[in-house]
Each structure stands twice: as structure tokens, then as C-alpha cells.
Amino acid sequence: MPSFDTVCEPNMVEVRNAVDTSAKEIGTRFDFKGTSAKIELKDKEITMFGDADFQLTQVEDILRNKLTKRNVDVRFLDIGKVEKIGGDKVKQVIKVKNGIETEDAKKITKLIKESKIKVQASIQGDAVRVTGAKRDDLQEAMALLRKDMTELPLSFDNFRD
């Protein structure tokens with residue numbers, strides 16, 4: 001029975017490389033000299049520090065550019081609120097999404113069932129497995145998910161025939 005898994009996983013190596021190159025650029029840019037602007041990655045959280053909100057948006061722009069150059073979808077970023085820390089300094093935490101949340105998985109299975117394509121979708125942890133009798137039906141399901149689930153950076157792996 002042919003099947004594939006629908007997942008939402010970033011390439012964490014490329015995310016780390018993008019954060020590292022962003023940190024280097026922040027350290028060398030003239031407009032950041034003498035400020036507390038910096039960026040760090042711990043586990044699946046990117047933390048940006050700066051002197052003001054404007055500086056945080058500049059750091060975020062640098063990060064987005066580096067991620068885009070490394071072919072990492074920026075939809076993986078879940079940007080948090082700006083928090084004030086000691087003095088005039090501010091920080092912002094960005095979570096890197098990993099896995100499909102349950103409500104999104106339910107949306108995917110509902111979308112596949114309503115499409116009348118002859119495939120079955122089942123939620124398996126943080127992935128959705130789609131099985132069907134024909135390879136063409138599976139490819140049709142992939143195209144449907146790419147078209148209708150634009151808010152999630154979905155990828156398809158584990159394709160079995």
C-alpha cells in the first residue's frame with residue numbers, strides 16, 4: 001500500500017548556520033557598534049537582544065535574509081512578544097516550529113477527507129500519514145495540501161510504493 005508522511009520539520013543545521021552568520025554580521029555592522037544587539041540559538045529558540053524595538057526589527061530582517069539564503073522557510077518562525085529587560089534593553093524570543101500541532105493535523109485530515117480523493121489520512125504523533133491504493137492519488141493529495149495549507153511549511157517524506 002503506497003504511503004507518505006506529511007511533516008513540518010526545519011533543517012536545524014541550516015537554522016544554526018543562519019543564526020551564526022547573522023551574529024557575525026551584527027558584530028561587524030557599523031550601526032550596531034556599541035549597542036547590545038545580538039542573537040542566540042538555544043535548542044529550538046532564537047533569542048534576539050537590542051536597545052530598542054527598532055533594533056530588534058533590524059536584527060530580525062538580518063535573520064530572515066540569512067534563513068532565506070539557506071533555503072529555510074520563514075514560516076517555521078513563531079515570533080513572540082517584545083519583552084523589556086534591565087535598563088533600556090529589550091529582547092524577543094522566536095520559537096522554531098517543529099512538528100504538526102494537533103489542530104493543524106486535524107485540519108489536514110479533514111481537508112483530505114472532504115476532497116473525495118481515494119486516500120486515507122491518519123495522525124501519527126507530530127506527522128500525518130497518508131495512504132492510498134494508487135501513486136497518482138497520493139500525488140494529488142500532495143498537490144492539494146501544498147495549495148490549501150499555505151500557512152504551514154509542509155514537506156513530504158517517507159514515500160513508499
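This is a short selection-by-selection tour of a predicted model.

**Stop 1: two helices that cross**

Start by selecting helix α3, residues 102-114, together with helix α4, residues 135-148. Their axes come within 11 Å, and the crossing angle is roughly 125 degrees. An angle between 115 and 145 degrees is neither roughly perpendicular nor roughly antiparallel, and α3 and α4 are therefore oblique to each other. Look at the handedness while you're there: α3 and α4 make a right-handed crossing.

Now show side chains where the two helices meet. From α3, pick Ile-108, Leu-111 and Ile-112; from α4, pick Leu-144, Leu-145 and Asp-148. Colour that contact by class and you'll get five nonpolar residues, one charged residue and no polar ones.

**Stop 2: Leu-145 and the core**

Keep Leu-145 on screen and hide the rest for a moment. Which residues is Leu-145 in contact with, leaving aside neighbours within four places in sequence? Three of the answers come from the helix you just looked at, α3: Ile-108, Leu-111 and Ile-112. Add Thr-6, Leu-154 and Phe-156 to complete the set.

Next, zoom out to the largest nonpolar core, which has 42 residues. The members that touch the most other members are Ile-39, Ile-46, Ile-108, Val-130 and Leu-145, so select those five to find your way around it. In soluble globular proteins, nonpolar side chains tend to be buried together.

**Stop 3: over to Val-82**

Jump to strand β4, residues 77-84, and select Val-82. If you draw a distance from its C-alpha to that of Leu-144, you should read 36 Å; the two residues are 62 apart along the chain.

Is Val-82 buried, partly exposed or exposed? Its relative accessible area is 39%, and because the partly exposed range runs between 20% and 50%, Val-82 counts as partly exposed. Bring up its surroundings too: not counting residues up to four places away in sequence, Val-82 touches Asp-53, Leu-56, Val-90, Lys-91 and Gln-92.

**Stop 4: a pair of loops with positive phi**

Select Asp-43 in the loop between β2 (38-42) and β3 (45-50). Check its backbone: phi is near 55 degrees, a positive value in a residue other than glycine. Asp-43 is exposed, at 70% relative accessibility.

Finish at Lys-116, in the loop between α3 and β6 (119-124). Lys-116 isn't a glycine either, yet its phi is positive, at about 65 degrees. With 71% relative accessibility, Lys-116 counts as exposed.

Terms used. Residues numbered from 1 in each chain as written. Predicted model: local features only at pLDDT ≥ 70, side-chain atom pairs only at ≥ 80, totals over all residues. Heavy atoms only, no water. Axes fitted to C-alpha atoms, helices over the stretch in contact; angles between N-to-C directions. Helix = DSSP H or I, 4+ residues; strand = E, 2+ residues; numbered from the N terminus. Parallel < 35°, antiparallel > 145°, perpendicular 65-115°, else oblique. Left-handed = near helix turned anticlockwise from the far one by under 90°. Contact = heavy atoms within 4.5 Å. Nonpolar A, V, L, I, M, F, W, Y, C, P; charged D, E, K, R; others polar. Core = buried A, V, L, I, M, F, W, Y, C linked by side-chain atoms within 4.5 Å. Buried < 20%, exposed > 50% of the residue type's maximum accessible area, 1.4 Å probe, protein only.
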